[in-house]
Amino acid sequence: MLPEYKHEPFLDFTIEENRKVLEAALEKVQSEFGENYPLIINGERIETADKFESVNPADKAEIIGYVSKATKDHVEQAFGAAEQASKRWALVDPEQRANILVRASAIIRRRKAEFTALLIKEAGKPWKEADADIAEGIDFMEYYARQMIELKEGKPLKSRPNEHNRYIYTPAGITVVIPPWNFAFAIMVGTTVAPLVAGNTVLLKPAEPTPVIAYKFFEVLEEAGLPNGVANFLTGDPAEIGDYLVDHPKTAVVTFTGSRPIGTRIYNRASVIQEGQTHLKKVIAEMGGKDTVVVDEDADLDLAAESIVSSAFGFSGQKCSAGSRAVIHEKVYDAVLDRVIELTKELSVGNPVEYGIYMGPVINQKAFDKITGYIEIGKEEGILVAGGKSDDSKGWFIEPAIFADVDPKARIMQEEIFGPVLAIAKGKDFDELIEIANNTEYGLTGAVITKNREHIEKAKYGFNVGNLYFNRNCTGAIVGYHPFGGFKMSGTDSKAGGPDYLTLYMNPKTVSEMF
């Protein structure tokens, strides 16, 4: 039996030794720029003539690597490999599958600085955010390994005289994994290893901006002992292979993290029965948020301001959990707003390769254009009280922007921007604050800053989000501590990092034997 799960600690970079280790890792990663990264199907490396570039978003001139593009023929080859491998993998003892995850986590832990450095370069994450991302990936592997061992015997049922009953779990089938770029390690790892440890085979299509770190993780899985064909690595253009992966009759599960438009498209397409399909597909979807920090008149105002700023601008607001809205009681509105502006002006923006940078770039030109477009919309919908400048000459940098006195129904209060843009509104009482907080189509995370116990109890059931935090920021869920997933158009509320997540990749089976 594995020891009790405890989440991976974050590194303290105020310690000089830790800084030196990461600085050396950054040099190592830099020395490997420009390499080619092939597809991996049934253990075979397949390099294609058609490639795309992985680019450092803080310095567009830096090419992290050249990545092969899969075609539909490659996808068919991968499905064939996964189908053959599943016949063996599904019969492997769950504890042995769990052990592969534990070995992989140990390898990552030993190479944590290297993976952190790669994430800084490929995803533009500042040191602290990148370190936490890698730690979360380690957490997912170790947590799901322990969960699978707990589930291996199934759940207890009642039996009768001369009748023995069991409730067991069997693998659901081939799983298509489509992770996001914003948690390019943590979510990619979690959504890959969960179906694997549950006995499924996997086709992983990593996000286009961050394929290299996914490839490096795939190498770790192989080193940890994952058999050929159990997981297959397919990089490429979503327009070329995305729908094909979802539609394929051999796909049993699709796990997706990303935008609402793509998530709902996947959900719709997966519902269509294809020729030769003999099952209903499962979809596990996390599709974003428009998350709110609520501040009432009884709040600690310094804590409120700190929570708003960290929720809105951590990793440049590129989190589905980002607190891109703040709703503040009118009695404390001006005081909190002034402090939020003050704290925001202290944030540093720059190349995250440098220690101490709070905000790096946004991920690419498409994101830059979208966010700067919303900043222009915000100027029509509210008062720009801080930031908002941008520069894409070398990398894709945007200053944190704050808009005050925004109508709760304005676009910048309703639409997911996925960047460092904060919209602030006011309310006359707690009921109105919660009403505004609930007025979007999303329901992922939220925070309430208050000392009022009655308000806490009211928000527990009245604030319609999947992850609700009191007197802290609304980002930073920890595996095994804060199972993560949301309501409404935020997705299927599948609670990644929670005790029932693995069962989503399995089919429960009742077995009854008469004597």
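A residue counts as buried here when its relative accessible area is under 20%. Keep that cut-off handy, because several of the exercises below lean on it. Also bear in mind that this is a predicted model.

**Exercise 1. Place Ser321 and decide: is Ser321 buried or exposed?**

*Solution.* Start with the location: Ser321 sits in the loop between H10 and E13. Next, take its relative accessible area, which is 6%. The cut-off for buried is under 20%, so Ser321 is buried. Finally, look at what surrounds it. Leaving out residues up to four places away in sequence, Ser321 touches Asp291, Leu444, Thr445, Cys474, Thr475 and Phe484.

**Exercise 2. Work out how Tyr5 and Tyr143 pair, and which parts of the chain they link.**

*Solution.* A search of the whole structure turns up 15 aromatic pairs. Tyr5 and Tyr143 make one of them, with 5.2 Å centre to centre and 70° between the planes. Planes over 60 degrees apart count as edge-to-face, so that is the label for Tyr5 and Tyr143. Now the chain: Tyr5 is in the segment before helix H1 (16–31), while Tyr143 is in helix H5 (residues 127–151). They are 138 residues apart, so the pair links distant parts of the chain. Tyr5 is buried, with a relative accessible area of 12%, and Tyr143 is buried too, at 8%.

**Exercise 3. Classify the pair Tyr144 and Tyr501, then find the cluster it belongs to.**

*Solution.* The ring centres of Tyr144 and Tyr501 are 5.4 Å apart and the planes are at 15°. Planes under 30 degrees apart count as stacked, so this pair is stacked. Tyr144 belongs to helix H5, and Tyr501 to the loop between strand E22 (487–488) and strand E23 (506–514), 357 residues apart. Check burial as before: Tyr144 has a relative accessible area of 0% and is buried, and Tyr501 counts as buried at 3%. To finish, gather the rings: Tyr5, Phe140, Tyr143, Tyr144, Tyr501 and Tyr505 form one aromatic cluster.

**Exercise 4. Find which residues have the most contacts inside the largest nonpolar core.**

*Solution.* The largest nonpolar core has 76 residues. Inside that core, Ile108, Tyr144, Phe185 and Phe217 have the most contacts. Which helix gives the most to this core? H5 does, with 12 residues. Now zoom in on Phe185. Setting aside neighbours within four places in sequence, its contacts include Ile108, Phe115, Leu119, Ile134 and Phe217.

**Exercise 5. Say which rings Lys125 lies over.**

*Solution.* Take one ring at a time. Lys125 lies over the face of Phe183, 4.0 Å from the ring centre. The charged end of Lys125 also sits over the ring of Phe315, at 4.7 Å from its centre.

**Exercise 6. Sort the residues of strand E10 by face and name the strands it pairs with.**

*Solution.* In a regular strand, side chains alternate between the two faces of the sheet. For E10, Val253, Thr255 and Thr257 are on one side, with Val254 and Phe256 on the other. Both faces are covered, and these residues are all buried. Then the partners: strand E7 (residues 175–178) pairs with E10 in the parallel sense over four bridges, with Val176 bridged to Val254. Five bridges join E10 to strand E11 (residues 282–286), also running parallel, and there Thr255 has Ile284 as its bridge partner.

**Exercise 7. Trace the seven-stranded sheet, then see where Ala459 fits.**

*Solution.* The strand order is E14-E17-E18-E13-E12-E20-E21, in an open sheet with mixed pairing. Strand E14 (383–386) and strand E21 (467–470) are the edge strands, each pairing on one side only. Further in, strand E12 (residues 292–295) and strand E20 (residues 445–449) pair in the parallel sense over four bridges, and Val448 in E20 is the bridge partner of Val294. Helix H15 (residues 453–462) lies across E20 and E21, at about 170° to E21. Ala459 is found in that helix, H15, and is buried, with a relative accessible area of 0%. What does Ala459 touch, not counting residues up to four places away in sequence? Its contacts are Phe430, Ile434, Val448, Leu468 and Phe470.

Conventions: Residues are numbered from 1 along each chain as its sequence is written. This is a predicted model: local features need pLDDT of at least 70, side-chain atom pairs count only at pLDDT 80 or more; totals for chains, interfaces and linings use all residues. Side-chain values use heavy atoms; hydrogens and water are left out. Rings of Phe, Tyr and Trp (its six-membered ring) pair if their centres lie within 6.5 Å; planes under 30 degrees apart count as stacked, over 60 as edge-to-face and the rest as tilted. Helices (H or I, at least four residues) and strands (E, at least two) are DSSP runs, numbered from the N terminus. Buried means under 20% relative accessible area, exposed over 50%, partly exposed in between (1.4 Å probe, protein chains only). A charge sits over a ring if NZ of Lys or CZ of Arg is within 6 Å of the ring centre and within 35 degrees of the ring normal. A nonpolar core is a set of buried Ala, Val, Leu, Ile, Met, Phe, Trp, Tyr and Cys residues joined through side-chain atoms within 4.5 Å. Contact means heavy atoms within 4.5 Å. Two strands pair if DSSP finds at least two bridges between them. Axes are lines fitted to C-alpha atoms, for helices over the stretch in contact, and angles run from 0 to 180 degrees between N-to-C directions.
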